[in-house]
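Here's a quick look around a protein for anyone meeting it for the first time. Have the structure open as you read.

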Amino acid sequence: MWKPLVLACVLVAGSAETALSHDVQDPSTLQKPNIRDLLSTSLESAEGLEVIVSHVALPANVTLPMHWHPGEEFAYILQGSVTLILEDEGEHEAFAGDVGVVPLKKVHTARSGKEGATILVFRVHEAGEPGRILVGD
């Protein structure tokens, strides 16, 4: 049980360093969301699962389409602010330094604040599954 958690922590630390060491575009200059996968790998201690780490930059006042993931999603807000909107649970605002969790297969969206947002996102799900499924598709 502890091996997957320890491995996840190591991946988080390494990915945060990678994301922070890249040239980060100011989200307020973006015209559309910019999502860049930094890491995609199998979890050796959990057969059939993979982790994907993404750097997400959102321009100001953008709302993503409603969607869900075939796994769990964890997000660390690097800069700016974002409102996580979980179906049937309401809104949760997060700021730089905050961490958010989207439960398995939970329909949700995110809305960036007036200065945009830069987020480091970790997804753990069944290997080979798509990263995001739009609601209505």
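Follow the chain along its sequence and you get the pattern α-β-β-β-β-β-β-β-β. In other words, there is one helix and there are eight strands. Keep in mind that this is a predicted model.

How much of the protein is buried? Of its 137 residues, 39% are buried. On the outside, the accessible surface comes to about 8,000 Å², and carbon and sulfur atoms account for 55% of that surface. As for who touches whom, take the contacts between residues at least 6 apart in sequence: 72% of them join residues at least 24 apart.

Now for the largest pocket. It holds about 500 Å³ of space, and 31 residues line it. Which residues lie nearest its centre? They are Glu73, Ala75, His108, Ala110 and Val121. Several strands give two or more residues each to this lining: strand 1 (34-42), strand 2 (49-58), strand 4 (71-86), strand 5 (90-95), strand 6 (99-102) and strand 7 (108-126). Strand 4 gives the largest share, with seven residues.

Here is how the lining of the largest pocket divides by residue type:

| Type of lining residue | Number |
|---|---|
| Nonpolar | 16 residues |
| Polar | nine residues |
| Charged | six residues |

So much for the tour, with one last reminder about the pocket: its lining includes 16 nonpolar residues, and strand 4 provides seven of the lining residues.

Methods:
Residues are numbered from 1 along each chain as its sequence is written. This is a predicted model: local features need pLDDT of at least 70, side-chain atom pairs count only at pLDDT 80 or more; totals for chains, interfaces and linings use all residues. Side-chain values use heavy atoms; hydrogens and water are left out. Helices (H or I, at least four residues) and strands (E, at least two) are DSSP runs, numbered from the N terminus. Buried means under 20% relative accessible area, exposed over 50%, partly exposed in between (1.4 Å probe, protein chains only). Contact means heavy atoms within 4.5 Å. Accessible areas come from the Shrake-Rupley method with a 1.4 Å probe; for residues, only the protein chains shown count as cover. On a 1 Å grid over the protein atoms alone, a cavity is a set of points where a 1.4 Å probe fits but cannot get out, and a pocket is an open set with protein on both sides within 12 Å along at least five of seven lines; lining residues have an atom within 4 Å of a point. Grid points are joined across faces, edges and corners, and a volume is the space filled by probe spheres set on the points. Ala, Val, Leu, Ile, Met, Phe, Trp, Tyr, Cys and Pro count as nonpolar, Asp, Glu, Lys and Arg as charged, and the others, Gly among them, as polar.
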